[in-house]
Amino acid sequence: MILEIEEGVTYYSPSGLPFKVIRKGVHYALDCSVHMVVFTNLTPTHDKPTGREWVLDEKLFMKIYRETP
């Protein structure tokens, strides 16, 4: 599990694909206590090309992504 998310760092999805964090600390509009992470895929996924931006709850990101492949 990731202990702290860092901007500009590459993390790996459960399937092993690399994603780079663009920014963190974005707040969910309906609940400002929920912090979000904005990140991009560095390789194509099964349905999206490289460079797509994604947004995920920071706590969930820390649980499912990892720092090494």
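The following paragraphs describe the overall fold of a predicted protein model and the aromatic pairs found within it.

The protein comprises four strands and one helix, and these elements follow the order β-β-β-β-α when read from the N terminus. The radius of gyration is 12 Å, close to the 11 Å that the globule rule gives for 69 residues, so the protein is as compact as a globular protein of that length. Along the principal axes, the C-alpha atoms occupy a box of roughly 30 × 25 × 20 Å. Of the 69 residues in the protein, 30% are buried. When contacts between residues at least 6 apart in sequence are considered, 32% of them join residues that are at least 24 apart.

With respect to the surface, the accessible area of the protein amounts to about 4,600 Å², and carbon and sulfur atoms contribute 57% of this area. The protein carries 8 positive and 9 negative charges, and the mean positions of these two sets are separated by 5 Å.

Seven aromatic pairs are present in the structure. One of them is formed by F19 and W54, whose rings adopt an edge-to-face arrangement with a centre-to-centre distance of 6.4 Å and an angle of 80° between the planes. Because F19 belongs to strand β2 (residues 18-28) and W54 to strand β4 (residues 53-57), this pair ties together parts that are 35 residues apart in sequence. The two partners fall into separate accessibility classes: F19, at 5% relative accessibility, counts as buried because the value is under 20%, whereas W54, at 26% relative accessibility, counts as partly exposed because its value lies between 20% and 50%.

F19 also takes part in an aromatic pair with Y65, again edge-to-face, for which the centres are 5.7 Å apart and the planes stand at 90°. Since F19 lies in strand β2 while Y65 lies in the segment after α1 (58-64), the pair ties together parts that are 46 residues apart in sequence. Both F19 and Y65 are buried.

Beyond these individual contacts, ring pairs link a set of residues into a cluster that consists of Y11, F19, F39, W54, F61 and Y65. F19 is thus a member of this cluster, and its edge-to-face pairs with W54 and with Y65 connect strand β2 to strand β4 and to the segment after α1, respectively.

Key. Residues are numbered from 1 along each chain as its sequence is written. This is a predicted model: local features need pLDDT of at least 70, side-chain atom pairs count only at pLDDT 80 or more; totals for chains, interfaces and linings use all residues. Side-chain values use heavy atoms; hydrogens and water are left out. Helices (H or I, at least four residues) and strands (E, at least two) are DSSP runs, numbered from the N terminus. The radius of gyration is taken over C-alpha atoms; the globule rule is 2.2 Å times the number of residues to the power 0.38. Buried means under 20% relative accessible area, exposed over 50%, partly exposed in between (1.4 Å probe, protein chains only). Contact means heavy atoms within 4.5 Å. Accessible areas come from the Shrake-Rupley method with a 1.4 Å probe; for residues, only the protein chains shown count as cover. Lys and Arg count as positive and Asp and Glu as negative; His and the chain ends are not counted. The place of a charge is taken as NZ of Lys, CZ of Arg, CG of Asp or CD of Glu. Rings of Phe, Tyr and Trp (its six-membered ring) pair if their centres lie within 6.5 Å; planes under 30 degrees apart count as stacked, over 60 as edge-to-face and the rest as tilted.
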